[in-house]
Amino acid sequence: MKGCTPSGWLIALVGLAVPIAITTAAEDDRAAERALMVQEQLANRRGPSRSSSAPPPSLSGDGAGGGAPMVSSRSVSEHLGIQNPKVLDAMRTVPRHWFVPEGMQRDAYADRPLPIGYGQTISQPYIVAMMTELLDPKPGSKILEVGTGSGYQAAVLTKFTPNVHTIEIVQPLQKQALPRLQRFGLAPDQVLHGDGYFGLEKEAPFDGIIVTAAADHIPPPLLQQLRPGGRMIIPVGPVHATQRLVVVEKDPAGKVRSRTVHPVRFVPLTGGPRGPEKK
Amino acid sequence: MSQRRWAAGLLLISAALLAYELLLMRLLALAYWGHFAGLVISIAMLGIASSGLFLFAARDDVRRRPEKYFGGGAGAFGITAPLAFLLSQKLPFTPFLLTWSAHEYGLLALRSALFFVPFFLAGLAIGTPFVARVLPMGRLYFWNMLGSGLPALPLLGAMNFVHPMQLLGAVVVLAIAVPALCARGLLWRIGWLAGAAGIIATVALTPFRYSEYKDLPKTLLLPEAKLLEERYGWDGVIQIVDSPHTRYLPGLSLNFIGRLPPAQLVFTDAGAMTLAFKVDEPESDFLKQTPEAFSFRLTTSPRVLHLYGGPADLIRARLFAASEAQIVDDSATRVAALINATGESAGSLVRADARQFLERSEAPFDVLAVSLLGSHGTSTAGAASLDSSFLLTVEGCARLFDRLTPGGHALFGTWIENPPKSGVRLAALLIETLRGKGTQNPSQHLLAMRSWSTLAIFVGREPFSAAAIEALKEFSDQNSFDLVWFEGIEPADTNRINVLPEDSYYDAFAALLGPGRRDFIARSPFLLEPPRDNQPFFNQAFRWSAVPQWVSSMGMSWLPFVEWGYILHAAALVMVTVLGVLLLLVPCLWIRARPTVRSATLFFLLGVAYMFVQVWAIAKLSQFMAHPLLAAALVLSAMLIGSGAGAAVLARGTGARPAISFALLALCLGLAAVAFPILLRLFYSQPTSVRGTIAVAWVALPAFFMGFPFPYALGRLVRQNEVPWALGLNGFGSVVGSLAATLVAVHFGFFALVLSALCLYLLVWRLSIARVGAT
């Protein structure tokens with residue numbers, strides 16, 4: 001049998017290396033798009049500016065019968081961007097196109113939700129970034145995500161802490177997400193198939209919980225598994241536009257409160273005849 | 001072919017076409033959503049209009065061999081109609097991509113193009129006898145109208161027994177009977193019949209596919225979820241599902257720490273989920289921790305009526321020892337399914353229209369609850385924005401308040417939205433109703449609170465006492481709900497537990513109860529004007545005048561928040577108009593012997609006017625018959641058959657007297673408009689059979705005279721080769737008219753709609769006095 005020459009080995013190695021290099025490059029060849037997305041859609045996102053010559057639109061008369069400004073408390077061009085540099089870094093690092101179906105690759109870095117099958121979507125990057133910013137995960141903190149979906153949100157969370165646990169009730173989605181999330185260091189027992197309504201008792205309590213599934217009420221077991229001082233984030237609204245994000249906070253005494261954050265700014269319904277200012 | 005066969009064939013293909021149109025509307029609404037169905041079908045129906053162009057081009061051949069076009073068109077329609085639907089089921093549809101993806105618009109166009117084909121073929125078949133003049137115009141129109149009027153009610157009845165998709169088989173049978181009648185040889189007949197059998201078998205063996213974004217298919221993906229039963233009804237397809245991993249209770253307190261009990265899920269048309277909790281569920285304490293439970297702090301042992309509630313409301317009422325509790329639901333099929341799933345009695349779960357039930361009920365109620373907590377996604381996306389509701393009008397709410405006992409109260413529940421629309425409009429409606437009833441200080445009659453996801457408004461027949469206000473504060477505190485309104489509330493009392501960036505609900509109450517309310521309503525980016533019976537579109541809050549404000553403050557980010565039902569309807573009108581002009585009018589420029597402007601206008605307006613009356617009649621009878629589908633079926637039957645009869649009688653021969661016929665048309669239409677409120681007052685609480693008989697007479701009389709103008713104008717065409725154009729333009733006018741009529745009703749009210757129809761008919765009369773088409 002003819003032996004393999006050194007040059008033959010070299011060619012063979014190069015032959016092996018080339019596909020790997022191509023794969024790596026292909027995996028990360030969209031870093032520029034990601035950077036642009038982070039820069040334009042996340043970091044420097046602003047509310048639309050208005051011409052200074054145009055009067056602000058008004059909604060209603062005030063008590064004196066005059067027009068109270070509809071956007072009275074807002075600056076002319078409002079900064080709505082993500083402030084936390086770690087979140088921006090995470091969004092810059094995690095390749096979203098790994099989580100997007102083949103047919104939608106072109107739009108992977110558009111700030112849009114995209115269908116992933118089974119009637120589910122991958123959230124728009126701005127919502128993922130905002131939910132992460134609101135959750136404010138610290139290194140080493142323990143996070144539970146209910147509704148793995150594509151796995152993108154969980155992947156972003158791994159940039160803050162390895163203690164991310166995610167549960168998906170639709171098994172095909174969980175199976176698709178598992179290999180993707182293993183590339184981010186999550187073990188199979190951190191990417192689970194099951195009913196997230198009951199949380200993950202054996203890993204509780206959690207410093208943060210993200211519920212990405214639609215919720216009409218907040219599952220009591222999740223509230224119980226939230227550590228005092230912890231936070232839960234829930235998006236509320238139809239699939240194509242998360243209309244508000246609800247931040248549920250549990251104070252050290254165990255008292256639960258919610259706070260709504262509007263990721264999309266509206267012309268607020270203010271300006272009616274108000275009573276006395278809050279004391 | 002004998003005249004009798006022509007008449008029978010025209011009747012059959014007309015019946016097949018209308019049956020297909022109705023089924024398609026139902027099937028697309030079932031698979032996707034109603035507003036997409038309207039858009040797709042409106043565009044596809046231009047196929048009927050554009051068949052006029054084809055008939056014009058091939059007119060000589062059509063006159064030589066009319067049987068070939070008639071039988072061939074009808075037969076091809078019978079085959080392509082179900083196939084188009086089956087193929088459309090294979091096309092993907094992701095509704096939210098419509099806000100930004102051109103690809104999705106391409107798919108929508110492809111879907112419309114698929115349906116365009118059968119509509120074109122049916123138009124070809126129906127137009128052929130008119131072009132070939134195989135019978136006098138009046139008689140042709142009679143058979144056409146009679147055929148169109150026949151299938152609506154039988155179809156509605158058949159939907160009680162089979163899935164609407166299987167009824168496509170009836171379309172095939174009706175349509176393929178036409179070539180079977182026309183065909184000369186036995187082999188041809190056998191061939192057509194074999195084709196029909198093959199298509200029917202294909203339909204029967206193909207499973208119906210729902211959009212993956214509807215609630216039912218998403219639920220069935222959950223572990224252990226299984227479809228227990230599917231029930232068919234004329235008012236909806238009901239699916240009963242066992243899904244132990246689905247839990248649903250809007251408004252549940254953050255303080256609740258127990259477990260929600262299992263329940264069966266009852267879906268209507270694969271959406272609109274209701275939970276069927278078992279009645280004697282011992283773990284029902286969770287129901288005490290919802291805003292609705294506060295009703296029982298205001299009253300003891302009350303008589304309770306829930307309008308559009310669910311079995312959970314019955315359990316809650318019993319939990320608080322209500323003396324009597326009833327749920328009213330307008331779907332008989334859903335009520336039957338809920339009774340079956342819960343074991344409740346027919347006395348507790350009642351099938352009735354809410355407004356009509358209030359009219360006919362005798363004893364007053366201590367608590368009257370109205371739930372607006374439908375599917376959250378659907379309501380916030382405005383899918384139901386063009387649905388009328390005669391309960392959520394000033395008149396409807398006034399009737400509701402009248403049915404309260406002196407110490408009683410009404411309760412309204414809705415979602416917290418961003419931006420707030422339904423909740424604020426509801427507050428405006430209730431305050432306006434209270435003012436309309438002469439309430440001096442409406443603020444004293446109102447209490448409101450919100451959980452993190454829902455808003456509850458309580459309206460007292462009498463002012464709420466200080467004790468009631470204290471109870472509200474205590475209840476809110478216990479359940480971590482936020483106070484929104486009571487007489488004397490301070491801003492510091494609000495927005496403390498479930499914090500919103502601005503407490504728009506408190507602000508709205510303050511504005512609506514203050515002196516600046518008119519300004520507040522006028523300058524809102526949403527339509528907040530309280531709806532009335534003349535414009536009963538509570539869910540339609542979109543204002544064109546606010547678009548510049550939206551764009552200036554939000555750029556294009558506002559798009560997902562508008563009422564898509566309304567937007568798609570308006571878009572359909574624009575698209576249909578543009579496509580109709582391209583398909584029908586532009587070719588005029590290249591073809592000699594084109595229709596005159598006068599005849600083009602005449603036949604177009606005839607289509608518009610007819611549809612204005614039809615949409616108006618359906619809307620009015622939706623209230624009278626207490627169900628929109630029943631009203632639509634009655635109107636289609638009575639109006640089309642009535643018009644057919646009118647055509648046969650009035651347009652017979654040359655002795656017709658147009659002035660008298662038009663005058664009688666106007667008189668009957670005017671009388672119908674004037675008589676309606678009287679009929680409503682006299683018969684609204686009568687049984688369905690009585691109301692149905694009156695409704696048929698009410699529609700058929702003006703319809704009889706509305707049958708005259710079209711065949712009369714066709715008969716007076718100077719150039720007979722304009723007949724296909726006239727048919728096409730009339731079809732185009734019908735599609736535009738049906739879309740425009742809804743917009744006229746939404747923006748100007750039903751009275752304006754019927755008045756417009758009257759004016760259009762007067763214009764038609766003026767145009768048809770001259771010999772039509774004369775230059």
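A residue is classed as buried when its relative accessible area is under 20%. In this predicted model, Thr260(A) has a relative accessible area of 6% and is therefore buried. Thr260(A) belongs to strand 11 of chain A, which spans residues 256-261. Once neighbours within four places in sequence are set aside, the contacts of Thr260(A) involve both chains: Arg244(A), Leu245(A) and Val246(A) on one hand, and Val499(B), Leu500(B) and Pro501(B) on the other. With Arg244(A), the side chain of Thr260(A) forms a polar contact of 3.0 Å to the side chain of its partner. Val246(A) is separated from Thr260(A) by 14 residues in sequence, while the C-alpha atoms of the two are 4.5 Å apart.

A second threonine of chain A, Thr161(A), lies in a loop, between helix 5 (152-157) and strand 6 (164-168). The relative accessible area of Thr161(A) is 1%, so this residue is also classed as buried. Two polar contacts link the side chain of Thr161(A) to backbone atoms. A polar atom of the side chain is 2.7 Å from the backbone oxygen of Ser141(A), and the side chain reaches the backbone nitrogen of Asn163(A) at 3.0 Å. Ser141(A) also appears among the residues touched by Thr161(A) beyond four places in sequence, together with Lys138(A), Gly140(A) and Ile143(A).

For chain A as a whole, the assignment gives seven helices and eleven strands. Chain A has 279 residues, of which 53% are buried. Its accessible surface is about 12,300 Å², and carbon and sulfur atoms account for 57% of that area. Of the contacts in chain A between residues at least 6 apart in sequence, 56% connect residues at least 24 apart.

In chain B, four strands form an open sheet in the order 1-2-3-4, with antiparallel pairing. Strand 1 (226-233) and strand 4 (271-277) are the edge strands, each pairing on one side only. Direction ignored, neighbouring strands of the sheet are turned against each other by 20° on average. Within the sheet, strand 2 (residues 236-242) and strand 3 (residues 263-268) of chain B are joined in the antiparallel sense by five bridges. Ile240(B) is placed opposite Val266(B), a residue of strand 3 of chain B. Helix 14 (residues 332-342) of chain B packs on this sheet and touches strand 1, strand 2, strand 3 and strand 4 of chain B. The direction of helix 14 makes about 145° with that of strand 1 of chain B.

The nonpolar cores were examined next. In soluble globular proteins, nonpolar side chains tend to be buried together. The largest nonpolar core contains 244 residues, and Ile13(B) and Phe77(B) touch the most other members. The greatest contribution to this core comes from helix 24 (residues 597-624) of chain B, which gives 17 residues. Residues up to four places away in sequence not being counted, Ile13(B) touches Phe70(B), Ala74(B), Phe77(B), Ala125(B), Ile126(B), Ala175(B) and Val178(B). A second core, separate from the largest, holds 72 residues, including Ala354(B), Ala369(B), Phe458(B) and Tyr506(B).

Note on methods
Residues numbered from 1 in each chain as written. Chains lettered and ligands numbered in written order. Predicted model: local features only at pLDDT ≥ 70, side-chain atom pairs only at ≥ 80, totals over all residues. Heavy atoms only, no water. Helix = DSSP H or I, 4+ residues; strand = E, 2+ residues; numbered from the N terminus. Buried < 20%, exposed > 50% of the residue type's maximum accessible area, 1.4 Å probe, protein only. Contact = heavy atoms within 4.5 Å. Polar contact = N/O pair within 3.5 Å; in protein donor to acceptor, adjacent residues only side chain to side chain. Areas by Shrake-Rupley, 256 points an atom, 1.4 Å probe, with all protein chains shown as cover. Pairing = 2+ DSSP bridges. Axes fitted to C-alpha atoms, helices over the stretch in contact; angles between N-to-C directions. Core = buried A, V, L, I, M, F, W, Y, C linked by side-chain atoms within 4.5 Å.
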